[in-house]
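Work through the exercises below with the sequence and coordinates open. Each task is followed by a solution in steps.

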Amino acid sequence: MSELKVGDSFPEGVSFTYAPITPESSEVTSCGIPQKYDLSQELKDKKFVIVSVPGAFTPTCQVSHVPSYLNKIDELKAKGIEKVVVIAFNDAWVMSAWAKANGIKDNDFFVFASDTAVSFSKSIGWLAGERTARYAIVVDHGKVTYAAKENGPGIELSGANAVLAAI
């Protein structure tokens, strides 16, 4: 697989791991049981944003990137976005704790998942060293409608404002 571009079909077989947030596992210190999140299957008939960050709890990711999406939920939904999947190289437990630390109470709109072994990011060539790069991809019913990777620090191409302007 190579870099995804607007107009491409989203590839089959893309999955991540995540620890679902349930009422029983809603505390930041409670661990869920990691499960497979079959992204290719989930987004076939939906409109998703995939947001990749270099790491959970890291400065730009925590202070700017994730909040850009948390603060624009209504605008994202108004543009037809049904789910935002936040991925990083961190494991599913860290991603779950990060979601909870940011006030996520369930997986209805946000899923924080692990790009296990950076498999997906590596397959599209979007890495930051050995970590997932900072990027955003919008997929509408299986077709890529936006795909942008940051070339430096910041969230000009991958933050919620850029995604909203493009869709």
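The exercises that follow concern a predicted model.

**Exercise 1.** Determine where the residue covered by the UniProt annotation "active site" lies, and whether it is buried or exposed.

*Solution.*
- Step 1. The annotation, from an unreviewed UniProt entry, covers Cys61.
- Step 2. Cys61 falls in helix α2, which runs over residues 59–70.
- Step 3. The cut-off for buried is under 20% relative accessible area. Cys61 has 0%, so it counts as buried.
- Step 4. With neighbours within four places in sequence set aside, the contacts of Cys61 are Val53, Pro54, Gly55, Val66, Pro67, Trp98 and Arg134.

**Exercise 2.** Compare the span of α2 with the expected value, and list its buried residues.

*Solution.*
- Step 1. Helix α2 has 12 residues.
- Step 2. The expected span is 1.5 Å times one less than the number of residues, which for α2 gives 16 Å.
- Step 3. From first C-alpha to last, α2 reaches 16 Å, close to that expectation.
- Step 4. The buried residues in α2 are Cys61, His65, Val66, Pro67, Ser68 and Tyr69.

**Exercise 3.** Describe the surroundings of asparagine 107 and what its side chain reaches.

*Solution.*
- Step 1. Asparagine 107 sits in the loop that joins α4 (92–101) to β5 (110–114).
- Step 2. Its relative accessible area is 16%, so asparagine 107 is buried.
- Step 3. The side chain of asparagine 107 reaches the backbone nitrogen of isoleucine 21 at 2.8 Å and the backbone oxygen of phenylalanine 110 at 3.5 Å.
- Step 4. Beyond four places in sequence, asparagine 107 contacts Tyr18, Pro20, Ile21 and Lys83.

**Exercise 4.** State how many salt bridges the structure holds, and give the partners and exposure of each.

*Solution.*
- Step 1. There are three salt bridges.
- Step 2. Lysine 44 and glutamate 12 pair at 3.7 Å, N to O. This pair links distant parts of the chain, 32 residues apart: lysine 44 is in the loop between α1 (39–42) and β3 (47–52), and glutamate 12 is in the segment before β1 (15–18).
- Step 3. Lysine 44, at 39% relative accessibility, is partly exposed, whereas glutamate 12, at 58%, is exposed.
- Step 4. Aspartate 45 pairs with lysine 46, with 3.8 Å between the closest N and O atoms. Lysine 46 is partly exposed at 27%.
- Step 5. Lysine 72 pairs with glutamate 75, the closest N and O atoms being 4.0 Å apart. Lysine 72 is partly exposed at 23%, and glutamate 75 is partly exposed at 37%.

Terms used: Residues are numbered from 1 along each chain as its sequence is written. This is a predicted model: local features need pLDDT of at least 70, side-chain atom pairs count only at pLDDT 80 or more; totals for chains, interfaces and linings use all residues. Side-chain values use heavy atoms; hydrogens and water are left out. UniProt positions are given in the numbering used here, feature names are shortened, and annotations may be inferred rather than shown by experiment. Helices (H or I, at least four residues) and strands (E, at least two) are DSSP runs, numbered from the N terminus. Buried means under 20% relative accessible area, exposed over 50%, partly exposed in between (1.4 Å probe, protein chains only). Contact means heavy atoms within 4.5 Å. A polar contact is a pair of N or O atoms within 3.5 Å; within protein, one must be able to donate a hydrogen and the other to accept it, and residues adjacent in sequence count only if both atoms are side-chain atoms. A salt bridge is a side-chain nitrogen of Lys or Arg within 4 Å of a carboxyl oxygen of Asp or Glu.
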